[in-house]
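This report describes the helix packing, overall form and selected residues of one protein chain. Please consult the sequence and the three-dimensional model shown here alongside the text.

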Amino acid sequence: MSLTAHELRVLDLVAHGYTHEEIARQLFTTPKGITPTVNRAMRKLGAANAPHAVFLACQAGLLDGRPRRHGDHAGFAAHRYRGEEPCEACWEGERAYRRGRKAARKAAREATEAHAA
Ligand SMILES: [Zn+2]
């Protein structure tokens with residue numbers, strides 16, 4: 001029995017240490033909705049508990065077992081690449097990245113203008 005995209009998504013967030021409450025916030029649902037999803041994923045994988053489910057999913061190649069960085073532009077891009085809504089930490093990092101880029105463009109423009117004057 002294969003896992004649905006939603007079940008995989010939830011399991012991926014479990015694998016990254018998020019609580020059910022945090023997962024629910026990220027997926028715009030309630031924590032009550034997360035528990036049955038995790039239980040369903042565990043049943044499908046034949047896992048005894050959530051960590052076991054994460055391990056089995058990694059072993060089966062369903063989850064990327066490599067550590068994933070959150071909270072910067074790369075993390076944000078990874079969410080987008082996977083068709084996910086970026087998590088709060090990644091949104092924060094992306095906003096800081098965009099602010100930095102904007103400031104750099106402004107500084108470059110001002111430097112050019114100062115040179116021309
Ligand atoms: Zn993230």
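## Packing of H5 and H6

Helices H5 and H6 are oblique to each other, because their angle falls outside every other class (under 35 degrees is roughly parallel, over 145 roughly antiparallel, 65 to 115 roughly perpendicular, and the rest oblique). The axes of H5 (residues 73–81) and H6 (residues 88–116) cross at roughly 120° and come within 7 Å. Such axes are lines fitted to C-alpha atoms, for helices over the stretch in contact, with angles from 0 to 180 degrees between N-to-C directions. The crossing of H5 and H6 is left-handed, a term used if the near helix is turned anticlockwise from the far one by less than a right angle, whereas a clockwise turn is right-handed. On the H5 side the contact involves His73, Gly75, Phe76 and His79, and on the H6 side Cys90, Gly93, Glu94 and Tyr97. Two residues are in contact if their C-beta atoms, placed from the backbone, lie within 7 Å.

## Basis of the model

This is a predicted model, in which local features need pLDDT of at least 70 and side-chain atom pairs count only at pLDDT 80 or more, while totals for chains, interfaces and linings use all residues. Residues are numbered from 1 along each chain as its sequence is written.

## Overall form

The protein chain contains 6 helices and 0 strands, where helices (H or I, at least four residues) and strands (E, at least two) are DSSP runs numbered from the N terminus. The radius of gyration of the protein chain is 20 Å, against near 13 Å for a compact globule of 117 residues; this quantity is taken over C-alpha atoms, and the globule rule is 2.2 Å times the number of residues to the power 0.38. The C-alpha trace spans about 70 × 30 × 20 Å along its principal axes.

An automatic or database domain assignment divides the protein chain into domain 1 (1–68) and domain 2 (69–117). Their C-alpha centres lie 30 Å apart. Of the 117 residues, 21% count as buried (20 or more other C-beta atoms within 10 Å of the residue's own; exposed means 12 or fewer, and partly exposed in between, with C-beta atoms placed from the backbone). Among contacts with a separation of 6 or more, 37% join residues 24 or more positions apart.

## Packing around H4

Helix H3 (residues 31–45) packs on helix H4 (residues 50–59) at an angle of about 55°, with 9 Å between the axes. This angle makes H3 oblique to H4. Val38, Ala41, Met42 and Leu45 of H3 meet Ala50, Ala53, Leu56 and Ala57 of H4. The crossing of H3 and H4 is left-handed.

Helix H1 (residues 5–15) also packs with H4, at about 110° and with the axes 10 Å apart. H1 and H4 are therefore roughly perpendicular to each other. Their contact is formed by Leu11, Val14 and Ala15 of H1 with Ala50, Ala53, Val54 and Ala57 of H4.

## Two loop residues

Phe28 sits in the loop between helix H2 (20–26) and H3. Its phi is near 55°, a positive value in a residue other than glycine. Phe28 counts as exposed because it has 7 C-beta neighbours inside 10 Å.

Leu62 belongs to the loop between H4 and H5. With 19 C-beta neighbours inside 10 Å, Leu62 counts as partly exposed. Leaving aside residues up to four places away in sequence, Leu62 touches Leu3, Leu8 and Ala57. Leu62 and Arg101 are 39 residues apart in sequence, and their C-alpha atoms are 35 Å apart in space.
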